[in-house]
Amino acid sequence: MKRVLAIILGGGAGTRLYPLTKMRAKPAVPLAGKYRLIDIPISNCINSDIHKMYVMTQFNSASLNRHLSQTFNLSNSFGGGFVEVLAAQQTPDSPTWFEGTADAVRKYQWLFQEWDVDEYLILSGDQLYRMDYSLFLEHHRRTGAKLTVAALPVDAKQAESFGLMRTDSEGNIQEFREKPKGDSLLEMAVDTSRFGLSPESAQERPYLASMGIYVFSRETLFDLLDKHPGHKDFGKEIIPEALKRGDKLQSYVFDDYWEDIGTIGAFYEANLALTQQPTPPFSFYDEKFPIYTRPRYLPPSKLVDAQIVNSIIGEGSILKSCSINHCVLGVRSRVETDVVLQDTLVMGADFFESNDEREAIRQKGGIPVGVGPGTTVKRAILDKNTRIGSNVSIINKDHVEEADRSDLGFYIRNGIVVVQKNATIQDGTVI
C-alpha cells in the first residue's frame with residue numbers, strides 16, 4: 001500500500017447539514033460524542049496501511065485544520081506518512097473555487113503527480129463505515145481495471161438517490177446512470193447474489209449504488225482530467241466518459257454498514273443508532289480496526305444520582321439527578337438536576353467552566369454552558385457550547401418539519417430541533 005495516495009474530498013458548503021456546518025467544514029462535524037467525521041476515512045486508511053493522505057476542503061476549514069494537526073502526526077509513527085489539508089485557492093491558471101469532485105482533484109493534480117504512486121484512492125469525508133481499503137486495491141489490481149468503484153447493494157427506494165452501476169457476471173461495469181427512476185431504474189437491476197449476497201437479500205437489493213469511493217490507476221486519472229477539462233464531477237461525468245471510451249471499469253461490492261451523512265436527519269439517526277443494544281449497526285468497539293481521534297486527557301465522567309438508559313456518555317461529563325434515555329452526550333457535557341433528555345444528541349463543550357465561574361455567570365444574569373435544571377429536551381441536537389437555561393422545553397411542540405429561527409438560536413430540520421453552536425436559550429423558553 002506504499003504506492004497508494006489517498007485523496008479525501010471534504011465536500012462543498014454542507015448546506016444540507018446546516019447549521020452544524022455554519023462554523024465548521026462538513027468533515028469537522030462532531031460524531032458519536034468524541035470523534036469527527038473526518039476520523040472515519042483517515043482511520044480506515046491507517047488500518048489499511050495507507051499513510052499518505054490529502055484532505056481537500058474550501059469552506060470553514062479552520063477547525064478541521066486544527067483537529068488534523070492535533071490528531072494525526074503520522075511522520076512519527078509511519079515514516080513518510082502524513083495527513084495534510086489542501087484548501088481551495090485561486091491562481092492565474094485556475095481563478096475559480098472547486099466546482100465538483102473531479103474539478104477539486106484537477107486543480108491540485110500538479111501536486112498529486114509529483115508522488116511516485118500507482119493508484120489514487122478517492123474518498124469522501126462525510127460517510128460512516130469501516131472498510132479495509134487494501135482489499136479494495138487488491139481487487140482493482142487483480143482484475144486489471146483502470147478504475148474501480150465501490151458498490152453498495154441497495155433496494156429500489158434507496159437506489160433512486162444514487163448513481164447506479166449495471167455490471168456483468170465478472171463485476172465489470174457496463175453502464176452507469178445517475179439517480180434513475182421508473183423504467184430507467186428497472187433496467188439497472190443486476191443479480192447481486194453473484195457477489196456473495198444470499199438469494200433473499202439479492203432479491204431485496206438488486207441495485208449496485210456508487211458509494212463515491214474510487215480507485216484510479218495513475219495514467220487513467222490524469223488522462224481523463226486532462227482530456228476533459230469541462231468535466232467537474234466523477235459520478236456524473238468522469239465515470240460515464242471512461243465507459244464511453246472503453247476503459248475497463250470494475251465494481252467492488254461492499255455488503256456492510258455504510259451511511260452517507262449528508263442531511264441533518266441522516267446525521268441524527270446515525271448517531272443515535274450507536275446506542276442500540278446489544279449490537280449497534282456500527283460500533284466503535286473494534287480493537288482490530290479502531291477509529292482514531294484526538295486524545296484529550298479528560299477526567300472520567302461523574303454521575304450523581306442520574307438515570308441513564310441506552311445512551312453514550314463522553315468523558316469529562318457531569319450529570320446531576322437527571323434522566324437520560326436513548327441519547328449521545330459529547331465530551332464535557334454538563335446536565336443539571338431534574339433534566340430529562342430523550343432521543344437527543346448533545347455535542348458537549350470545548351472547555352470546562354468551574355463551579356466559581358458558573359456561579360459568577362448566574363449572578364450576572366447569564367446562563368452557564370450545559371443544560372439547566374428542570375429542562376426537557378426531546379428529539380433534538382444541541383451543538384457545542386450551547387447554554388440552555390432553566391425550565392426550558394425543547395420538544396418541537398407544533399411538530400414543525402422545517403424552520404429557521406437563527407435569531408433565537410435554533411433551526412428545525414427533518415422535524416429535529418437543532419440548537420446552533422454557542423447559542424443561548426433563555427430560562428422558561430418553549431420550542
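The lining of the second largest pocket has 10 nonpolar, seven polar and two charged residues by class. About 340 Å³ of space lies in this second largest pocket of the predicted model. Of the 19 residues that line the second largest pocket, Ala32, Tyr35, Phe284, Tyr285 and Ile312 are the closest to its centre.

The largest pocket holds about 1,500 Å³ of space. Its lining is made up of 49 residues, and Arg16, Ser124, Asp126, Gln127 and Asp260 are the ones nearest the centre. Several elements give two or more residues to this lining: helices H4 (101-107), H7 (156-159) and H11 (234-244), together with strands E8 (147-154), E10 (173-178), E11 (207-217) and E13 (258-260). Strand E11 supplies the largest share, four residues. Sorted by class, the lining of the largest pocket has 16 nonpolar, 19 polar and 14 charged residues. In general, a probe the size of a water molecule, rolled over the atoms, shows where empty space is left.

These pockets belong to a chain with 13 helices and 29 strands. The radius of gyration of the chain is 23 Å, and the globule rule gives 22 Å for 431 residues, so the chain is as compact as a globular protein of that length. Along the principal axes, the C-alpha trace spans about 70 × 50 × 40 Å. Buried residues make up 54% of the 431 residues. Among contacts with a separation of 6 or more, 62% are between residues 24 or more positions apart.

Helix H11, one of the elements in the lining of the largest pocket, has Phe234, Gly235, Ile238, Ile239, Glu241, Ala242 and Leu243 as its buried residues. The N-terminal end of H11 is capped by Asp233, which has a side-chain oxygen 3.0 Å from the backbone nitrogen of Gly235. After H11 comes Gly246, with a positive phi near 90°.

Helix H10 (residues 218-227) has its own set of buried residues, namely Thr220, Leu221, Phe222, Leu224 and Leu225. An α-helix has 3.6 residues a turn, so residues three or four places apart point the same way. The cover over the buried residues of H10 includes H4, helix H5 (109-112), strand E6 (119-124), E11 and H11. Of these elements, H4, E11 and H11 also give two or more residues to the lining of the largest pocket.

Further along the chain, Arg334 is found in strand E20 (residues 334-335). Arg334 counts as buried because its relative accessibility is 11%, under the cut-off of 20%. The side chain of Arg334 makes a polar contact of 3.2 Å with the side chain of Asn355. Leaving out residues up to four places away in sequence, Arg334 touches Ile318, Lys320, Glu353, Asn355, Arg358, Val369, Gly370 and Val371.

Gly348 is placed in the loop between strand E21 (340-346) and helix H13 (355-363). With a relative accessible area of 9%, Gly348 is buried. The C-alpha atoms of Gly348 and Val331 are 5.1 Å apart in space, while the two residues are 17 apart in sequence. Val331 is one of the residues that Gly348 touches beyond four places away in sequence; the others are Gly330, Ser333, Asp383, Lys384 and Asn385.

The backbone has some further features to note. Most residues other than glycine have a negative phi, and most peptide bonds are trans. The peptide bond from Tyr18 to Pro19 is cis, with omega near 15°, and Pro19 is found in the loop between strand E1 (4-9) and strand E2 (30-31). Another cis peptide bond joins Gln277 and Pro278, where omega is about 0°. Pro278 is in the loop between helix H12 (264-273) and strand E14 (302-304).

Arg379 is not a glycine, yet has a positive phi of about 50°. Arg379 is in strand E23 (residues 376-382) and counts as partly exposed at 35% relative accessibility. Asn396 also has a positive phi of about 50° although it is not a glycine. The position of Asn396 is in the loop between strand E25 (393-394) and strand E26 (403-405), and Asn396 counts as buried at 8% relative accessibility.

How values were computed:
Residues are numbered from 1 along each chain as its sequence is written. This is a predicted model: local features need pLDDT of at least 70, side-chain atom pairs count only at pLDDT 80 or more; totals for chains, interfaces and linings use all residues. Side-chain values use heavy atoms; hydrogens and water are left out. On a 1 Å grid over the protein atoms alone, a cavity is a set of points where a 1.4 Å probe fits but cannot get out, and a pocket is an open set with protein on both sides within 12 Å along at least five of seven lines; lining residues have an atom within 4 Å of a point. Grid points are joined across faces, edges and corners, and a volume is the space filled by probe spheres set on the points. Ala, Val, Leu, Ile, Met, Phe, Trp, Tyr, Cys and Pro count as nonpolar, Asp, Glu, Lys and Arg as charged, and the others, Gly among them, as polar. Buried means under 20% relative accessible area, exposed over 50%, partly exposed in between (1.4 Å probe, protein chains only). A polar contact is a pair of N or O atoms within 3.5 Å; within protein, one must be able to donate a hydrogen and the other to accept it, and residues adjacent in sequence count only if both atoms are side-chain atoms. Contact means heavy atoms within 4.5 Å. The radius of gyration is taken over C-alpha atoms; the globule rule is 2.2 Å times the number of residues to the power 0.38.
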